[in-house]
Amino acid sequence: MDARACAARVVHAVTAHGRSLTDALPEAIQKEIDSRQRALIQELSYGTLRWYYRLDVLLQQLLKKPLKQRDADIRCLLLTGLYQLSQLAMPQRVAVNETVQATKALQKDWARGLVNGVLRNYQRQAEVLEGRVDNTVEFRFAHPQWLAQMLQTDWPDAWQAVLDANNERPPFSLRTNPQHLTRDEYLDELAARSLEARPLPHTATGILLARPLPVESLPGFAEGFVSVQDAAAQLAAGLLDAKAGQRVLDACAAPGGKTAHILESTPDVAHLSALDIDARRLERVGENLSRLSLKATLQQGDAGEPAAWWDGQQYERILLDAPCSATGVIRRHPDIKVLRQPEDVATLVSRQAHMLRALWPLLSPGGMLLYCTCSVLSDENSRQIGSFLGSRTDATELPINAAWGRECAHGRQVLPGDDDMDGFYFACLRKLG
Ligand SMILES: C[S@@+](CC[C@H](N)C(=O)[O-])C[C@H]1O[C@@H](n2cnc3c(N)ncnc32)[C@H](O)[C@@H]1O
């Protein structure tokens, strides 16, 4: 298997067919390839999409005329070639020669000369070409213009840091399970295996590993000692503050990271319903809970239509981890920059508003709903909560006094990269009565 040709196919699947990296990458990789090849394909696919908006404009300057639609795979191969030359510390000769070779695996031998010429031209003119694209925010930070503009509007003093953080490689964060061992004990386990790690601030359970590992290589993973979860996502269970004997609803639960954390922190809740609209994703909640020896009531249903699944008993706690633009996790999923369209944001905002309205009657008086998203857009976050509060007389906001993130007009926002966390938003809403 030719790694560069494979990466070009993955980039093509995302950019031309709207597939996600999470779906397209495993499909493109043959099972029998070795781990170095696999890592290279992943690096080239993720990296090319991370820098797509910059690489694309560089390529436009290097091509005499645009490639035909049917040669979009060669265009993607050229983008992976430019990624290697501009962003990776790889011997340039290897990058050019191997990318030229990949035309054969794509069954487009005729493109050898073109690929060779474009990449060598880039090498010759790199400084001038790169300098030219640096003058435009969209190309300099490799983000679509609409998103860069929204971030400039929402975060006038932090947008550049957000765009830079989105282009970083994500940290590999773990959540230890206090039902089995303390964080310090797990840090000792890692140290005993010479795995470099440190505690994550603002969480009682979070650990940052210096280098990513396949989960099966994590000590005690199969036994449920540890799970992979970003530090910001680990803030949710503490904010929800579920107590023994309470009924809890996790309204958008799959794949179950926060469901599991709630149960690990408060194993004596009276009842936890883990709801998700997607039956296949709900199966993953079951698998994750079973690895951790935890139990919840799994329900498939639409959080916006409780009549179809609710048993009529109110909950003291509701977690609404709403579907969102995922603009806080771009460093983990760089394909979001290519796949997300500006009109998606308005659709998501109205879906989130509908879920909030639909779930509110399920909350008992005095109970608390934690609204969170992995978005950094105020429309989905602070403004969403502002308009919800403005529409109700029985809802009040509980302040989140914390050492992390920044206070918004409503709720609190973590921006990507803050203390090694993903971008996340939280608001705590109490029901009066
Ligand atoms: C951000 S993810 C949730 C992540 C999860 N809370 C965790 O910590 O692992 C959003 C989830 O909402 C689900 N979802 C989307 N629309 C929904 C709806 N109308 N009702 C219930 N779940 C929905 C998606 O299937 C997806 O699994």
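Begin by selecting Asp-321, which is buried with a relative accessible area of 16%, where buried means under 20% relative accessible area, exposed means over 50% and partly exposed lies in between, for a 1.4 Å probe and protein chains only. This is a predicted model, in which local features need pLDDT of at least 70 and side-chain atom pairs count only at pLDDT 80 or more, while totals for chains, interfaces and linings use all residues. Residues are numbered from 1 along each chain as its sequence is written, and side-chain values use heavy atoms, with hydrogens and water left out.

Now add Lys-258 to the selection: its side chain meets that of Asp-321 in a salt bridge, at 2.6 Å from N to O, the term standing for a side-chain nitrogen of Lys or Arg within 4 Å of a carboxyl oxygen of Asp or Glu. Lys-258 lies in helix H13 and Asp-321 in strand E8, so the pair ties together parts that are 63 residues apart in sequence; helices (H or I, at least four residues) and strands (E, at least two) are DSSP runs, numbered from the N terminus. Lys-258 is buried as well, with a relative accessible area of 12%.

Next, select residues 257–265 to show helix H13, which lies across E1 and E4 and runs at about 35° to E1. Such angles run from 0 to 180 degrees between N-to-C directions, with axes fitted as lines to C-alpha atoms, for helices over the stretch in contact, and contact means heavy atoms within 4.5 Å.

From the helix, move to the sheet, where four strands stand in the open order E2-E3-E1-E4 with antiparallel pairing; two strands pair if DSSP finds at least two bridges between them. Strand E2 (197–199) and strand E4 (226–228) are the edges, each pairing on one side only, and the twist averages 30° from one strand to the next. Colour residues 172–176 for strand E1 and residues 206–209 for strand E3, and you will have a pair joined in the antiparallel sense over four bridges. Within this pair, Arg-175 has Gly-206 in E3 as its bridge partner.

Another stop is Asp-230, which forms a salt bridge with Arg-331, the closest N and O atoms being 4.0 Å apart. Asp-230 sits in the loop between E4 and helix H12 (235–240) and Arg-331 in the loop between strand E8 (315–321) and helix H15 (336–339), so the pair ties together parts that are 101 residues apart in sequence. Both Asp-230 and Arg-331 are buried, and adding Arg-332 and Asp-422 to the selection completes a network of salt bridges that links these four residues.

Then select Asp-311 and Arg-247, a salt bridge whose closest N and O atoms are 3.3 Å apart. Asp-311 counts as partly exposed at 48% relative accessibility, whereas Arg-247 is buried, with a relative accessible area of 13%. The structure holds 22 salt bridges.

Finish in the largest nonpolar core, which has 81 residues, with Leu-151, Leu-249, Leu-320, Leu-359, Leu-369, Leu-370 and Phe-426 touching the most other members; a nonpolar core is a set of buried Ala, Val, Leu, Ile, Met, Phe, Trp, Tyr and Cys residues joined through side-chain atoms within 4.5 Å. Centre the view on Leu-369, whose contacts, not counting residues up to four places away in sequence, include Ile-318, Leu-320, Trp-360 and Cys-428. A second, separate core of 52 residues includes Ile-74, Leu-85, Ala-102 and Leu-129.
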